[in-house]
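Grab a pencil and get the structure turning on your screen. Below are some exercises, each with a worked solution, so try each one yourself before reading on.

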Amino acid sequence: MAKIFTVHPDNPQIRRIEEIKSALSSGAVMLYPTDTVYAIGCDLNAKSAVERVRQIKQLANDKPLTFLCPSLSNVATYAFVSDTGYRIMKRLIPGPYTFLLPATKLVPRLAQNPKRKTTGIRVPDHTVCLALLTALGNPIISTSAHLPPDEDREDDEIFGASANSNLSQVELFDRLDSLVDIIVDTGEEPTYEVSTILDLTGDQPMITRRGLGWEAAAAWV
């Protein structure tokens, strides 16, 4: 059974955040809310945990994983950002946007597209996510908590469509209880509106999926 941490959504308790951070640093996998969907995640640098996330989601190793960063300056540590990409990201983050970018060597291969050497990065507009990122000091994997057989798609933080099974918080927690180590409970019901994806790997920025906030993104692409 997963250990449930009850965290205030607007004023997360420092002690709870530290406890979750310690577990993540030790390789724990968690279920947690973001500013889009509930996500399954772990410390980006915890290889065994990333492998477990892939197993839970039944993802092949050639499917990239999205991860969260706390700020634009932190993104630049893990991805090559062009001047155009920087201007777009500066306008849109934090928020419900996934940016596809060329990965630096600091991104583990397990989180990359091995052929394109790209990865998906988000800067969430979510108090608890940002508190965890600050405490951990590393990016956090973020892949939607939708699980097979609920979907026949790849990692839906990068490729997926809208949900086809709107589970309540209780149902979601029950379904993931035996698969994750930690459940972060902020009292928020799951939402099923995905992030907007912007591909910033080429000369011309492109919106490759319309999700939350896509109209604002379209103004800058």
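**Exercise 1. Find the bridge partner of Leu31 in β9, and say in which sense the two strands pair.**

Keep in mind that this is a predicted model.

Step 1: Find β2 at residues 30–33 and β9 at residues 182–185.
Step 2: Look across from Leu31 into β9, and you land on Ile183, its bridge partner.
Step 3: Check the direction: β2 and β9 run in the parallel sense, with two bridges between them.

**Exercise 2. Work out how β2 pairs with β3, and what joins the two strands.**

Step 1: Start from Met30, whose bridge partner in β3 is Gly41.
Step 2: Take the pairing as a whole: β2 and β3 are antiparallel, with four bridges.
Step 3: Follow the chain from β2 to β3, and you go round a hairpin of four residues.

**Exercise 3. Put the strands of the open sheet in order and pick out its edges.**

Step 1: A quick reminder: strands of a sheet pair through backbone hydrogen bonds, either parallel or antiparallel.
Step 2: Walk across the five strands, and you read β1-β9-β2-β3-β8.
Step 3: The pairing in this sheet is mixed. You've already met both kinds: β2 is parallel to β9 and antiparallel to β3.
Step 4: The edges are β1 (3–6) and β8 (143–144), since each of them pairs on one side only.

**Exercise 4. Sort the side chains of β2 by the way they point, and decide whether they are buried or exposed.**

Step 1: In a regular strand the side chains alternate between the two faces of the sheet.
Step 2: Now look at β2: Met30 and Tyr32 point one way, while Leu31 and Pro33 point the other way.
Step 3: Check the accessibility, and all of them turn out to be buried.

**Exercise 5. Which residues of the largest nonpolar core touch the most other members, and which element gives the most residues to this core?**

Step 1: Nonpolar side chains tend to be buried together in soluble globular proteins.
Step 2: The largest core here holds 46 residues, and those touching the most other members are Leu31, Ile40, Phe99, Ile141 and Val180.
Step 3: Several elements give two or more residues to it, including β3 (38–41), α2 (47–57) and β5 (97–102). The top giver is α2, with four.
Step 4: Zoom in on Ile141. Beyond its neighbours within four places in sequence, Ile141 contacts Tyr32, Ile40, Val50, Leu65 and Phe67, among others.
Step 5: There's another core apart from this one, with 18 residues, among them Met30 and Leu68.

**Exercise 6. Classify the aromatic pair of Tyr38 and Phe173, then the pair of Tyr97 and Phe99.**

Step 1: The model has three aromatic pairs by the rule used here.
Step 2: For Tyr38 and Phe173, the ring centres are 5.9 Å apart and the planes meet at 70 degrees, so this pair is edge-to-face.
Step 3: See where they sit: Tyr38 is in strand β3 and Phe173 in helix α6, 135 residues apart. Tyr38 is buried at 4% relative accessibility, and Phe173 is buried at 9%.
Step 4: For Tyr97 and Phe99, the centres are 6.4 Å apart with 35 degrees between the planes, which is a tilted pair. Tyr97 is buried at 5%, as is Phe99 at 1%.

**Exercise 7. Decide why Cys69 and Cys129 are not bonded to each other.**

Step 1: A disulfide is a covalent bond between the sulfur atoms of two cysteines.
Step 2: The closest cysteine sulfur to that of Cys69 belongs to Cys129, but they're 12 Å apart, so a bond is out of reach.
Step 3: The total for the model is zero disulfides.
Step 4: Both cysteines are buried: Cys69 has a relative accessible area of 0%, and Cys129 has 2%.

**Exercise 8. Describe the surroundings of Trp214.**

Step 1: Trp214 belongs to helix α7 (residues 214–218).
Step 2: With a relative accessible area of 25%, Trp214 counts as partly exposed.
Step 3: Arg210 lies over the face of its ring, 3.8 Å from the ring centre.
Step 4: Leaving out neighbours within four places in sequence, Trp214 contacts Thr196 and Ile207.

Conventions:
Residues numbered from 1 in each chain as written. Predicted model: local features only at pLDDT ≥ 70, side-chain atom pairs only at ≥ 80, totals over all residues. Heavy atoms only, no water. Core = buried A, V, L, I, M, F, W, Y, C linked by side-chain atoms within 4.5 Å. Buried < 20%, exposed > 50% of the residue type's maximum accessible area, 1.4 Å probe, protein only. Contact = heavy atoms within 4.5 Å. Phe/Tyr/Trp six-rings, centres within 6.5 Å; stacked < 30°, edge-to-face > 60°. Lys NZ or Arg CZ within 6 Å of the ring centre and 35° of its normal. Disulfide = S-S within 2.5 Å. Pairing = 2+ DSSP bridges.
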